[in-house]
Amino acid sequence: MQLKQGVVDVEEDAMYSALVLTCQPRSVAVIKSNKDTRYGLQSIVTHDGEKFPCWPIADLSSFSQEIGHDAYEKLNVIGIDEAQFFHDLYDFCRKAADCDGKTVIVAGLDGDYLRRRFGSVLDIIPLADSVTKLTARCELCGKRAFFTLRRTEERQTELIGGADLYMPVCRKHYVSGQVVREATSAFEYRKVQSG
Ligand SMILES: [Zn+2]
């Protein structure tokens, strides 16, 4: 079982290249959260043009039912994308890898935009054979980006979007970006209080 952690921009590339390297010509399915409606995905296509069927579902526990028992049995590799959205990640991965003999490749965010743990991605590290922490490039200076800065003032943890809502940043620009955000919201708060 492999865990690929990364920021928004790189996690999909990571998933696809891992699939291409590990899977062919075996039987593969990719699971994605149905919370992410940005793409109407029934399949994903790698940069090399490889196509894998994609299952947008709410819970991992429903996957074998969705795909069908026989099809599940035949699968060699299960890719889970945006793993932070699945609450039953740990149980699913343990069963699939330990009992069902699947190779499980997980891609997801380890932290949210405030760098707090996100979903149960961190919980499955003890289950994994290997863990790769991926980085993007800071949008502001081009250095390695470990964090994600939210462009909006929305505060819920799960706000699904792409480059319109998030940007990868280095530590320096994460910290300065958060300072700007906090100053802006304190200012907005004072305006509400006094207005
Ligand atoms: Zn930077």
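Let me begin with a single residue, arginine 115, which is partly exposed because 13 other C-beta atoms lie within 10 Å of its own, a count that falls between the 12 or fewer of an exposed residue and the 20 or more of a buried one. Arginine 115 sits in the loop between S6 and strand S7 (130–133), and its phi is positive, at about 65°, although it is not a glycine. Most residues other than glycine have a negative phi, and we will meet another exception in a moment.

Before that, please keep in mind that what you see above is a predicted model. The average pLDDT of the protein is 80, and 74% of the residues score at least 70. Among the elements, helix H1 (residues 8–23) has the lowest mean pLDDT, 53, while helix H4 (residues 89–99) has the highest, 95. Over residues 6–12 the pLDDT drops below 50, and yet this stretch has 24 contacts in the model beyond near neighbours in sequence.

As for the overall picture, the protein contains five helices and eleven strands, and of its 195 residues 30% count as buried. If we take the contacts with a separation of 6 or more, 71% of them are between residues 24 or more positions apart.

A good illustration comes from alanine 29, whose place is in strand S2 (residues 28–33). Alanine 29 and proline 53 are 24 residues apart in sequence, but from C-alpha to C-alpha they are 5.6 Å apart in space. Leaving aside residues up to four places away in sequence, alanine 29 touches Pro53, Trp55, Ile67, Leu75 and Ile78. Is alanine 29 buried or exposed? It counts as buried, because it has 21 C-beta neighbours inside 10 Å.

That brings us to the interior. In soluble globular proteins, nonpolar side chains tend to be buried together. Here the largest nonpolar core has 26 residues, and Ile31 and Val106 are those with the most contacts inside it. Two or more residues of this core come from each of S2, strand S4 (51–57), S5, H4 and strand S6 (103–108). Isoleucine 31, for its part, touches Trp55, Ile57, Leu60, Phe63, Ile78, Gly79, Ile80 and Asp81, again not counting residues up to four places away in sequence.

Let us look at helix H4 on its own. Its buried residues are Leu89, Phe92, Cys93 and Ala96, and they lie on the same side of H4, because they cover an arc of only 95° around the axis. An α-helix has 3.6 residues a turn, so residues three or four places apart point the same way. The buried residues of H4 pack against S5 and S6, whereas the face turned away from that buried side carries the exposed residues Asp98 and Cys99. Just after H4, glycine 101 takes a positive phi of about 70°.

Now to the other exception, glutamate 82, which has a positive phi of about 55° although it is not a glycine. Glutamate 82 is found in the loop between strand S5 (77–80) and H4, and it is buried, because 22 other C-beta atoms lie within 10 Å, where the cut-off is 20 or more. UniProt, in an unreviewed entry, lists Glu82 for "active site".

The last region I would like to show you is strand S11 (residues 166–169). Which residues of strand S11 are buried on each of its faces? Tyr166 and Pro168 are buried on one side, and Met167 and Val169 are buried on the other, so that both faces are covered. In a regular strand the side chains alternate between the two faces of the sheet. Strand S10 (residues 147–150) runs antiparallel to S11, and four bridges join the two, with arginine 150 standing opposite tyrosine 166.

Tyrosine 166, which lies in strand S11, counts as buried because it has 21 C-beta neighbours inside 10 Å. The unreviewed UniProt entry covers Tyr166 with the annotation "binding site". Returning to the cores, the largest of which has 26 residues, we find that apart from it lies another core, of twelve residues, which includes Ala145, Leu149, Tyr166 and Met167.

Definitions and conventions. Residues are numbered from 1 along each chain as its sequence is written. pLDDT is the predictor's confidence in each residue, from 0 to 100. Two residues are in contact if their C-beta atoms, placed from the backbone, lie within 7 Å. Two strands pair if DSSP finds at least two bridges between them. UniProt positions are given in the numbering used here, feature names are shortened, and annotations may be inferred rather than shown by experiment. A nonpolar core is a set of buried Ala, Val, Leu, Ile, Met, Phe, Trp, Tyr and Cys residues joined through C-beta atoms within 7 Å. The arc is that of the directions from the helix axis to the C-beta atoms.
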